[in-house]
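Subject: A structure for you to explore

Hi there,

Here is the structure I promised to send you. Please open it and have a look around before reading my notes.

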Amino acid sequence: MKQIVFVCLGNICRSVMAECIMKDLLEKEKIVINVLSAGTSGAHNGEDMHYKTKAKLKEKGVRVISFVSKKLSQNMCDESDFIITMDNSNYKTVLQNYKNVSHKLKKICEFAKELNYKEVPDPWYSGDFEETYNILSLACRNLLKELKGC
Ligand code: 4NP
């Protein structure tokens with residue numbers, strides 16, 4: 001396992017929150033895996049994460065990384081061992097628009113089955129960053145357990 005990329009639509013709310021949570025967990029366990037995040041739209045390219053994403057991470061004691069929003073590239077897909085999407089729309093977009101991804105493409109809710117979500121609701125629309133954090137925090141902890149078992 002060398003690299004994981006988390007993917008959402010805008011790469012300012014969900015996927016970057018997952019990136020920060022996962023990096024924090026890996027650092028605490030002294031495990032070296034490259035983690036990044038990207039969006040399928042590119043609409044926020046060059047921007048920092050959403051201020052409410054940052055505030056939620058700080059509230060939860062997760063280290064906030066220095067960050068720039070970016071669109072998912074074929075190169076990121078090629079270099080990643082896991083491409084982990086936040087919702088069904090992201091999943092379909094990646095499958096349709098990028099080559100050689102199907103074997104490594106995942107939905108993050110597969111790693112948080114206890115919570116019975118099929119997708120991570122988009123806090124850009126819901127405003128509920130606590131819900132986002134709760135799903136992503138559990139999913140990242142379960143993902144880490146799986147990675148340690150590899
Ligand atoms: P994200 O949330 O995909 O979790 O980063 C969104 C951010 C921005 C937009 C949509 C979703 N937008 O339409 O600009």
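Below is what I found, starting with the ligand and moving on to three helices.

Please keep in mind that this is a predicted model.

**Around the ligand**

A good place to begin is the ligand and its surroundings. Many of its neighbours come from one run of the chain: Cys8, Leu9, Gly10, Asn11, Ile12, Cys13 and Arg14 are among the residues around it. His44 is there too, along with Asp122, Trp124 and Tyr125.

Three of these neighbours are worth a zoom, since each places an N or O atom or a polar atom by a ligand oxygen. For Gly10, the atom belongs to the backbone, and the distance to an oxygen atom of the ligand is 2.8 Å. His44 uses its side chain instead, with an N or O atom 2.7 Å from a ligand oxygen. In Asp122, a polar side-chain atom sits 3.0 Å from an oxygen atom of the ligand.

**Helices α1 and α6**

Next, find helix α1, which covers residues 14-28, and follow it to α6. Their axes come within 9 Å and cross at roughly 45°, so α1 is oblique to α6. The crossing is right-handed. On the α1 side, the contact is made by Arg14, Met17, Ala18, Ile21, Met22, Leu25 and Leu26. The α6 side includes Phe129, Tyr133, Leu136 and Leu147. By type, the residues of this contact are 13 nonpolar, two polar and two charged. Notice that Arg14 appears here and also in the list around the ligand.

**Helices α1 and α2**

How do α1 and α2 lie relative to each other? The axes of α1 and α2 cross at roughly 25° and come within 10 Å, which makes the two helices roughly parallel. Here too α1 passes in a right-handed crossing. From α1, Val16, Met17, Cys20 and Ile21 meet Thr53, Lys56 and Leu57 of α2. These residues divide into five nonpolar, one polar and one charged.

**Helices α2 and α6**

Helix α2 spans residues 51-59 and helix α6 spans residues 129-149. They pack at an angle of about 60°, with their axes 10 Å apart, and that makes α2 oblique to α6. This crossing is right-handed as well. Lys52, Thr53, Lys56 and Glu59 of α2 meet Phe129, Glu130 and Tyr133 of α6. The mix in this contact is two nonpolar, one polar and four charged residues.

As you look, try colouring Thr53 and Lys56: both take part in the contact of α2 with α1 and in the contact of α2 with α6.

Enjoy exploring, and write back with any questions!

Best wishes

Terms used:
Residues numbered from 1 in each chain as written. Predicted model: local features only at pLDDT ≥ 70, side-chain atom pairs only at ≥ 80, totals over all residues. Heavy atoms only, no water. Axes fitted to C-alpha atoms, helices over the stretch in contact; angles between N-to-C directions. Helix = DSSP H or I, 4+ residues; strand = E, 2+ residues; numbered from the N terminus. Parallel < 35°, antiparallel > 145°, perpendicular 65-115°, else oblique. Left-handed = near helix turned anticlockwise from the far one by under 90°. Contact = heavy atoms within 4.5 Å. Nonpolar A, V, L, I, M, F, W, Y, C, P; charged D, E, K, R; others polar. Near = heavy atom within 4 Å. Polar contact = N/O pair within 3.5 Å; in protein donor to acceptor, adjacent residues only side chain to side chain.
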